[in-house]
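Hi there,

Here is the structure I promised to pass on. Have a look at it first, and then read on for what turned up.

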Amino acid sequence: MKFTSIAGLLLLPILLGCGTPGVPLPPSLDLPQPPQDLRVSRKGDSVTLVWTVPRETTDHTTVRLRHLGPTRVCRSTTVAMTKCTDQVAEVDTRTLMAAAEAKAQAAANKTHPTSAKTPPVIATGKDTLPPSLEQQNPTGFMNYAVEALNTRERSAGLSNQVQVPLAPTIPPPSDLAAKVTADGIVLTFTGLPAPNELPELHYSYRVYHQEKGGAPAVLAGEVPMNSSSKLEIVDHSFEWQKTYEYWVTVATIVSHKDKPPAEVEGDNSAPVTVFANDVYPPAVPSGLQAVFSGVGQKPFVDLTWAPNTDPDLAGYNVYRREGQGPWTRINSALLPTPALRDGNVAAGRTYFYALTAVDVHGNESARAPEASETVPGAD
């Protein structure tokens with residue numbers, strides 16, 4: 001009887017300890033952190049916004065997929081928005097996150113089944129600017145922000161805010177043409193007078209090229225928009241034997257007194273495809289001289305000439321003939337330098353020499369003006 005009482009007393013604190021509640025925690029609001037990396041770009045009237053879907057809540061806990069709602073795309077002409085009064089789009093970020101998590105889990109199952117880490121999920125939103133809005137405030141800006149919601153349509157506020165110019169854009173020329181020449185790829189199109197709207201607005205034609213296969217676009221040339229009926233740009237930034245797409249667009253540049261100029265490009269013209277086939281030989285070499293230099297030793301003729309400055313030069317060929325005989329090339333391989341010693345000569349004979357330049361694609365120039373030299377006869 002005494003033993004039972006002592007055991008009960010010893011067990012009582014344990015039982016009391018297990019049933020004692022801790023400090024109550026406030027319920028999580030499940031509010032996603034507002035995105036802070038919103039970026040924006042504009043092409044023509046189309047605006048594209050990109051941001052990272054938040055992974056944490058304002059309580060610094062991981063966003064639970066079942067509590068993640070959509071994200072609103074908001075815009076305003078007000079410099080600093082405080083709430084989303086003009087919603088222009090809604091992005092289903094929950095579906096994006098679910099797809100990313102499933103992909104990460106599938107990848108982890110192949111390597112480390114217990115560690116599935118979801119990489120950052122990038123969301124994209126779109127907006128189209130009404131031309132009437134651009135005409136009302138052509139030197140102004142449109143401000144954008146996004147608002148990440150939970151399933152109860154609550155948010156922790158707007159993201160960082162970004163802006164694009166409201167400047168009107170000009171349609172591109174419709175007659176872009178391209179021609180491959182020895183000097184470069186010549187792009188031509190019909191230009192129009194610049195709209196006489198505001199002194200703060202300026203316009204410029206820009207021609208771009210992109211190598212087939214998805215390489216980044218390269219600015220090939222730019223000319224101001226003026227009254228010229230026919231404009232021409234020569235592109236030297238390409239590589240021979242490659243295929244390119246060319247297009248032209250009109251950029252609107254807005255000058256501001258208190259800030260750097262802002263600009264926006266209009267829509268692209270229909271692309272023109274060009275194969276840069278090099279069928280153009282290098283320049284004809286010049287300054288060929290032939291000098292006998294074999295006194296007192298085995299006879300030979302030294303040949304020298306001015307270096308060719310073509311950037312795609314591969315080397316030189318030297319041809320020789322006697323009298324009215326045929327020309328014969330005397331070098332077995334292309335000569336990399338502008339000099340050659342011809343030791344296959346005989347006393348008492350006159351030799352005529354001609355010279356050509358060859359580029360890396362095998363195109364050979366015409367022959368340079370010939371030079372001749374007589375090997376003295378034996379005493």
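Let's start with a place to find: where is Pro-307? Pro-307 sits in the loop between strand S17 (301-304) and strand S18 (313-321). Do keep in mind as you look around that this is a predicted model.

Since we're at Pro-307, here is the rest on that residue. Its relative accessible area is 58%, and because anything over 50% counts as exposed, Pro-307 is exposed. Leaving aside neighbours within four places in sequence, Pro-307 is in contact with Tyr-316 and Pro-338. If you want a feel for distances, try Gln-105: it is 202 residues away from Pro-307 along the chain, and the two C-alpha atoms are separated by 64 Å.

Next stop, Ser-286. You'll find Ser-286 in the loop between strand S15 (272-275) and strand S16 (289-292). At 43% relative accessibility, Ser-286 counts as partly exposed. Not counting residues up to four places away in sequence, Ser-286 touches Trp-305 and Ala-306. Thr-356 is 70 residues from Ser-286 in sequence, but C-alpha to C-alpha they are 9.3 Å apart in space.

Now the disulfide. The structure holds 1 of them, and it joins Cys-74 to Cys-84, with 2.0 Å from S to S. Which parts of the chain does the pair tie together? Cys-74 lies in strand S3 and Cys-84 in the loop between S3 and strand S4 (87-91), so the bond links parts that are 10 residues apart in sequence. In case it helps, a disulfide is a covalent bond between the sulfur atoms of two cysteines. The torsion about the S-S bond of Cys-74 and Cys-84 is about -105°, so this disulfide is left-handed. Cys-74 is buried, and Cys-84 is buried too.

While you're in that part of the chain, look at Ser-76, which is also found in strand S3 (residues 68-76). Is Ser-76 buried or exposed? Its relative accessible area is 13%, and because buried means under 20%, Ser-76 is buried. A polar atom of the Ser-76 side chain lies 2.9 Å from the backbone nitrogen of Thr-78. Apart from residues up to four places away in sequence, Ser-76 touches Met-81, Met-142 and Asn-143.

His-202 is worth a visit as well. This residue lies in strand S10 (residues 201-211), and at 39% relative accessibility His-202 counts as partly exposed. The side chain of His-202 reaches the backbone oxygen of Pro-199 at 3.3 Å. Beyond its neighbours within four places in sequence, His-202 is in contact with Ala-251, Thr-252, Ile-253 and Ser-255. Val-254 is 52 residues from His-202 along the chain, and their C-alpha atoms are separated by 6.5 Å.

Two residues to check for backbone angles are His-60 and Glu-153. Phi of His-60 is near 65°, a positive value in a residue other than glycine. His-60 is found in the loop between strand S2 (46-52) and S3, and it is exposed, with a relative accessible area of 61%. Phi of Glu-153 is near 60°, again positive in a residue other than glycine. Glu-153 lies in the loop between strand S6 (141-150) and strand S7 (162-165), and Glu-153 is exposed at 57% relative accessible area.

Finally, the empty spaces. The largest pocket has a volume of about 180 Å³. Which residues line the largest pocket? They are Ala-182, Trp-240, Asp-278, Tyr-280, Pro-281, Pro-282, Asp-310, Pro-311, Asp-312 and Asp-359. That lining divides into 6 nonpolar, no polar and 4 charged residues.

There is also 1 cavity of 30 Å³ or more, and the largest cavity has about 30 Å³ of space in it. Val-63, Arg-64, Leu-65, Leu-68, Met-97 and Glu-101 line the largest cavity. Here the split is 4 nonpolar, no polar and 2 charged.

That's the tour. Over to you!

Cheers

Key. Residues numbered from 1 in each chain as written. Predicted model: local features only at pLDDT ≥ 70, side-chain atom pairs only at ≥ 80, totals over all residues. Heavy atoms only, no water. 1 Å grid on protein atoms, 1.4 Å probe; cavity = no way out; pocket = protein on both sides within 12 Å on 5 of 7 lines; lining within 4 Å. Points joined across faces, edges and corners; volume = space filled by probe spheres on them. Nonpolar A, V, L, I, M, F, W, Y, C, P; charged D, E, K, R; others polar. Helix = DSSP H or I, 4+ residues; strand = E, 2+ residues; numbered from the N terminus. Buried < 20%, exposed > 50% of the residue type's maximum accessible area, 1.4 Å probe, protein only. Polar contact = N/O pair within 3.5 Å; in protein donor to acceptor, adjacent residues only side chain to side chain. Contact = heavy atoms within 4.5 Å. Disulfide = S-S within 2.5 Å.
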